[in-house]
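Visitor: Could you take me through one part of this model up close? I'd like to settle on a single chain and then see how it sits with its neighbours.

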Amino acid sequence: MNALLEVRGLKTYFFAESGVVKAADGVSFAIDRGRTLALVGESGCGKSVTALSILRLVEPPGRIVAGEILFEGRDLASIPEKELRCVRGDRIAMIFQEPMASLNPVYTVEGQIVEAIRVHRRVSRRAARSRAIDLLKRVGIPAAENRADEYPHRFSGGMLQRVMIAMALACEPAVLIADEPTTALDGTTQAQILDLLKELQEESGMAILLITHNLALVAEAAHEIAVMYAGKIVERSSVRELFEHPLHPYTHGLLGSIPRLGAPKGRTLPAITGTVPDPARYPAGCRFHPRCPAKEARCAVDEPLLEEARPDHTVGCLLVEGGVSPMEARG
Amino acid sequence: MTAERPPILDVRDLRVHFPVREGFLGRPNGWVKAVDGISFAIRRGETLGLVGESGCGKTTAGRAILRLIKPTGGTVTFDGADLAALGRGKLRETRRKMQIVFQDPYGSLNPRMRVRDIVEEGLIVHRLGAAAVRRATVLEALASVGLAATALDRYPHEFSGGQRQRIAIARALALSPTFLVCDEPVSALDVSIQAQILNLLTEMREKHGLTYLFIAHDLAVVEHVSDRVAVMYLGRIVEEAPAGELYRRPLHPYTRALLSTVPAIGGPPRERNHLSGEAGSPLDPPSGCRFHPRCPIVRDICRTVEPRELNLDGHRVSCHAVEEESAR
Amino acid sequence: MNETASNSPAAGAAGYWRLVWRRYRKRRLGLAALAVVVFLAILGAAAPLVVGTRPIICRYQGRWYFPCLYYYNPRWENPVFFKDGFRFTYYPRGLAEKDPTSIALWPLVYADPYRRVDVGEWRGAKGDPNRGPPSLRNLLGTDAEGRDVFSRMVHGTRIALLVGFVAVGIAAAIGIVVGGLAGYCGGWVDKILSRLVELVMSVPAIVLILALVAVIERPTIWHLMAVIGCTRWESIARYLRAEFLRLKETDFVAAARALGVPPHRIILRHMLPNALAPVIVSISFGIAGAILLESGLSFLGIGSEPSTPSWGRILNEGFNTLGGERPQWWLVLFPGLAIFTAICAYNLVGDTLQEAMDPRIR
């Protein structure tokens with residue numbers, strides 16, 4: 001149980017004029033060395049907020065109101081800012097969705113990587129530069145020595161994301177948080193980036209927290225998966241286990257609603273009815289119950305807790321009995 | 001189903017080139033060949049999927065067909081009429097029959113107009129009925145996309161992405177068109193909403209006998225919706241075939257590579273067909289076969305000579321390797 | 001599959017302007033500024049009701065008249081008063097003498113912006129009404145010619161606002177047309193119009209006005225408004241052009257074209273309403289600027305005739321006395337305050353509007 005990064009009961013709320021938005025409402029998970037955990041959910045479920053909370057990057061009016069973030073013997077949620085800054089970029093690094101927006105357009109690529117290095121390490125500029133070029137080569141930028149001195153606008157989206165990864169790796173972090181790293185990229189580029197991450201993980205043993213809404217992507221990129229809905233984790237298990245035995249009706253619905261290549265062409269996709277609830281006004285009881293095809297009366301009253309239904313497979317649903325999903329039980 | 005249906009849309013050698021100008025009096029010193037000679041035909045009631053990555057020109061093609069962008073060359077024949085030859089008045093009339101749904105649900109609705117006005121505008125412009133009739137049509141259109149009458153007096157920003165997309169579909173369908181261009185209609189939506197909207201689109205198609213040009217980059221989505229699929233790369237169509245056939249027996253190496261990037265959920269992992277490098281630029285496309293710099297099976301001829309299009313029993317493809325293979 | 005409409009509060013349709021107003025309301029300074037603007041507008045519009053020497057409404061020889069309309073336009077005074085010699089006897093005595101049964105509703109303060117009021121004009125009021133510094137009789141004092149400053153200030157509000165609105169109105173009209181055409185048409189139309197804008201930008205308004213004064217014998221306030229309007233439209237033109245260029249590329253405009261909406265309707269219905277946000281802000285700042293410009297010109301002695309009760313004019317008079325033995329400070333302080341307040345108010349309104357119209361709402 002010695003996980004590299006463990007989040008316990010994280011609650012991040014936004015205090016807006018219209019009310020309190022419980023973006024992350026009691027999120028717990030752990031990542032081990034050399035493993036990739038995918039945090040999956042649709043927009044508004046709180047996955048990005050969770051990722052930002054780990055490094056306390058959430059801006060007011062949002063803040064962490066409860067929970068612990070245990071990493072290397074410290075609770076990141078409560079250590080002073082100065083100490084946290086030594087963790088950010090050095091021990092835990094983060095890459096974001098829009099690489100074009102994450103890089104400063106007025107500095108060269110090499111300049112930004114060098115900055116990332118020299119903030120955390122006492123090295124000469126020359127040493128930092130040579131490390132930056134090495135990193136660029138490692139992430140697959142062709143003609144790295146020349147391209148290092150170019151500005152971000154000369155790179156394509158895929159290339160920029162590689163630069164971001166290079167920056168993130170500069171100090172050899174133990175954990176990499178990747179927030180929708182491939183959403184803005186094309187299919188072929190997506191595949192390349194994911195393969196690169198996998199390689200880097202194998203080399204260095206770093207843990208990766210992958211935030212995405214793309215369930216299909218997770219299949220090839222992650223070891224474990226946690227599904228989020230309305231601020232809570234509703235199901236968690238290994239990837240294979242989840243795809244073979246989805247327990248929570250939401251997971252079930254998500255998997256069913258994705259068109260598959262080569263699947264028989266039925267006319268309709270089994271879609272989940274309704275929409276994601278307003279984060280300022282969650283339904284009472286189980287937050288998914290208004291949209292759940294298997295709901296019962298008690299679902300509107302009792303809030304389900306995460307329980308282990310199958311070996312190493314936890315789910316938060318009142319109707320899961322004996323490791324069988326209510327969706328299957330219905331037939 | 002087996003009777004020969006005449007094509008409702010016939011695109012021949014469509015080209016859209018954007019000039020790159022520099023200087024004050026800007027003589028173009030280069031052209032971005034966004035669409036560089038594509039041809040296809042869609043029969044009534046059919047759905048053609050147009051698939052490709054960003055920058056391949058598929059969105060430009062969709063808009064050029066509807067004449068929202070002026071084509072630089074080629075012909076687009078809709079319902080027997082050459083769109084380029086139509087006068088302004090006739091073109092406007094024809095627009096009734098060909099509509100479009102855009103990708104961005106947040107940008108495709110005028111934020112200052114109420115839903116009622118948005119859906120009704122087409123009816124007003126084409127003078128389809130008096131106020132009472134129009135209102136009834138609007139209500140019906142909204143109901144058919146699953147929105148209640150309470151939506152009428154609201155503004156787009158009060159709705160979610162999926163709901164806005166429904167409003168956009170209602171707007172398009174209010175005119176009772178025969179042909180609909182769907183330009184990445186679900187790419188910006190959440191997974192669970194995607195399924196809802198896809199179902200809505202297929203339902204509308206059945207109900208009204210519509211013909212679709214479905215543009216997307218997600219292969220699985222395209223296969224689900226389309227009868228035939230065309231694959232675009234750097235402004236050209238490299239392969240076109242019936243949907244099932246394309247996915248079972250892809251011939252062009254680009255199609256193969258694309259298919260291999262679609263992650264498989266459950267089941268054995270797909271064999272990875274790696275594409276090196278990045279897509280070229282439509283400003284300066286590679287010589288010969290445009291795909292040759294990234295092609296895993298490139299040969300000498302590919303670098304200099306453009307492949308011609310082969311038609312193998314309804315399965316069109318442009319590739320030297322395939323040509324050689326089929327010649328044997 | 002039926003979705004209910006969104007979870008937003010059912011508090012009626014939330015149009016763009018209503019949202020803007022809600023955001024505006026939260027800023028107290030902006031509200032205060034808006035109150036000042038509204039107050040000035042009311043004061044300007046209702047000046048003859050506040051101060052004047054003509055009744056607001058009176059019943060004379062059996063018929064009802066509105067003599068106060070004279071202040072809006074001299075030609076609107078009913079000829080009967082002219083015929084009956086009210087010019088010389090003035091209304092209070094004239095009404096009493098000529099028709100003892102007359103009824104009249106008088107403005108709050110009896111004073112005239114265009115002439116000095118004689119002793120005893122107003123129902124035997126005591127004291128000389130025409131002497132210098134602020135007194136009970138003349139709340140803000142009188143100017144060199146004996147005209148009551150308070151009345152000149154109040155009527156000057158109308159002038160100031162008129163200048164602001166008309167000048168900016170002209171500027172907006174020109175700017176919207178030029179900017180709209182440039183933005184919508186693009187190509188060589190845009191190139192030519194942009195060069196025109198640059199041309200106008202490079203001509204300072206003051207120079208043009210001086211040239212105008214040299215050409216026209218006695219320029220009136222209307223000339224001034226026209227000139228200000230014709231030289232200050234370029235920022236509006238540029239904002240609108242930029243907005244139109246952006247809007248041209250939006251999907252909803254493309255959707256409108258796909259629907260077959262004709263160009264004039266696209267511009268009026270789709271592009272203009274979405275483009276007006278920066279223009280409105282510009283207009284608010286423009287009004288402040290126009291008031292300042294007019295005051296400045298009047299202060300320099302250029303522009304309107306000396307009898308026009310413009311704030312700048314009063315300032316001009318007072319300023320000239322400052323170095324002398326009896327500085328007439330009231331002629332400087334009050335108009336100065338008024339100009340400052342009006343400009344501040346309009347600028348604050350513009351500023352707050354800008355914040356309230358933040359693109360996050362779009």
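Guide: What follows is a walk through chain C, and then outward to the other chains. Keep in mind that this is a predicted model.

Let's get the overall picture of chain C. It has 362 residues, of which 41% count as buried. The secondary structure comes to 14 helices and 3 strands. Along its principal axes, the C-alpha trace spans about 80 × 55 × 40 Å. Take the contacts in chain C between residues at least 6 apart in sequence: 68% of them join residues at least 24 apart.

Now the domains. Chain C is divided into domain 1, covering 52–148, and domain 2, covering 150–356. Their C-alpha centres lie 35 Å apart. Where the two touch, domain 1 of chain C puts in 16 residues and domain 2 of chain C puts in 12. On the domain 1 side of that contact, the classes work out as 10 nonpolar, 2 polar and 4 charged residues.

Let's zoom in on a helix pair in chain C. Helix H10 runs over residues 234–248 and helix H12 over residues 263–299; their axes come within 9 Å and cross at roughly 150°. Any angle over 145 degrees counts as roughly antiparallel, and H10(C) and H12(C) are therefore roughly antiparallel to each other. As for the hand, H10(C) passes H12(C) in a right-handed crossing. Who makes the contact? From H10(C) come C:Ser235, C:Ile236, C:Tyr239, C:Leu240, C:Glu243, C:Phe244 and C:Leu247, while H12(C) offers C:Met271, C:Asn274, C:Ala275, C:Pro278, C:Val279 and C:Ser282. Sorted by class, the residues of this contact divide into 9 nonpolar, 3 polar and 1 charged. If the spacing of those numbers catches your eye, here's the general point: an α-helix has 3.6 residues a turn, so residues three or four places apart point the same way.

One residue in chain C is worth a stop of its own. C:Ile314 is found in helix H13, residues 311–321 of chain C. A residue counts as buried once 20 or more other C-beta atoms lie within 10 Å of its own, and C:Ile314 is buried, with 28 of them within that 10 Å. Leaving out residues up to four places away in sequence, C:Ile314 touches C:Asp143, C:Val149, C:Arg152, C:Leu331 and C:Pro335. To get your bearings over a longer stretch, try C:Val207, which is 107 residues from C:Ile314 along the chain; the C-alpha atoms of the two are separated by 23 Å.

Next, step across to chain B. The contact between these chains takes 32 residues from chain B and 25 residues from chain C. On the chain B side, the elements giving two or more residues are helix H2 (88–95), strand S6 (98–101) and helix H3 (115–125). The largest share there comes from H3(B), with 3 residues. By class, the side of chain B that touches chain C divides into 12 nonpolar, 10 polar and 10 charged residues.

Chain B meets chain A as well. Here 31 residues of chain B are in contact with 33 residues of chain A. Helix H6 (191–208), H7 and H9 of chain B each supply at least two residues to the chain B side, and the largest share, 7 residues, comes from H6(B). That side divides into 15 nonpolar, 11 polar and 5 charged residues.

H9(B) deserves a second look. Helix H9 of chain B spans residues 253–261, and 7 of its 9 residues are buried, so it is largely enclosed by the rest of the structure. The buried ones are B:Pro253, B:Tyr254, B:Thr255, B:Ala257, B:Leu258, B:Leu259 and B:Thr261. What covers them includes helix H8 (187–204) of chain A, along with helix H7 (219–225), strand S9 (228–233), strand S10 (236–242) and helix H8 (243–248) of chain B.

Last, a quick look at chain A. The domain assignment gives domain 1 as 5–222 and domain 2 as 232–257 + 268–329. Taken over C-alpha atoms, 29 Å separate the centres of these two domains of chain A. Their contact brings together 17 residues of domain 1 and 11 residues of domain 2. Strand S2 (19–31) and helix H9 (215–221) of chain A are the elements that give two or more residues to the domain 1 side. S2(A) gives the most, with 10 residues.

Definitions and conventions: Residues numbered from 1 in each chain as written. Chains lettered and ligands numbered in written order. Predicted model: local features only at pLDDT ≥ 70, side-chain atom pairs only at ≥ 80, totals over all residues. Contact = placed C-beta atoms within 7 Å. Helix = DSSP H or I, 4+ residues; strand = E, 2+ residues; numbered from the N terminus. Nonpolar A, V, L, I, M, F, W, Y, C, P; charged D, E, K, R; others polar. Axes fitted to C-alpha atoms, helices over the stretch in contact; angles between N-to-C directions. Parallel < 35°, antiparallel > 145°, perpendicular 65-115°, else oblique. Left-handed = near helix turned anticlockwise from the far one by under 90°. Buried ≥ 20, exposed ≤ 12 C-beta atoms within 10 Å, placed from the backbone. Domains from an automatic or database assignment.
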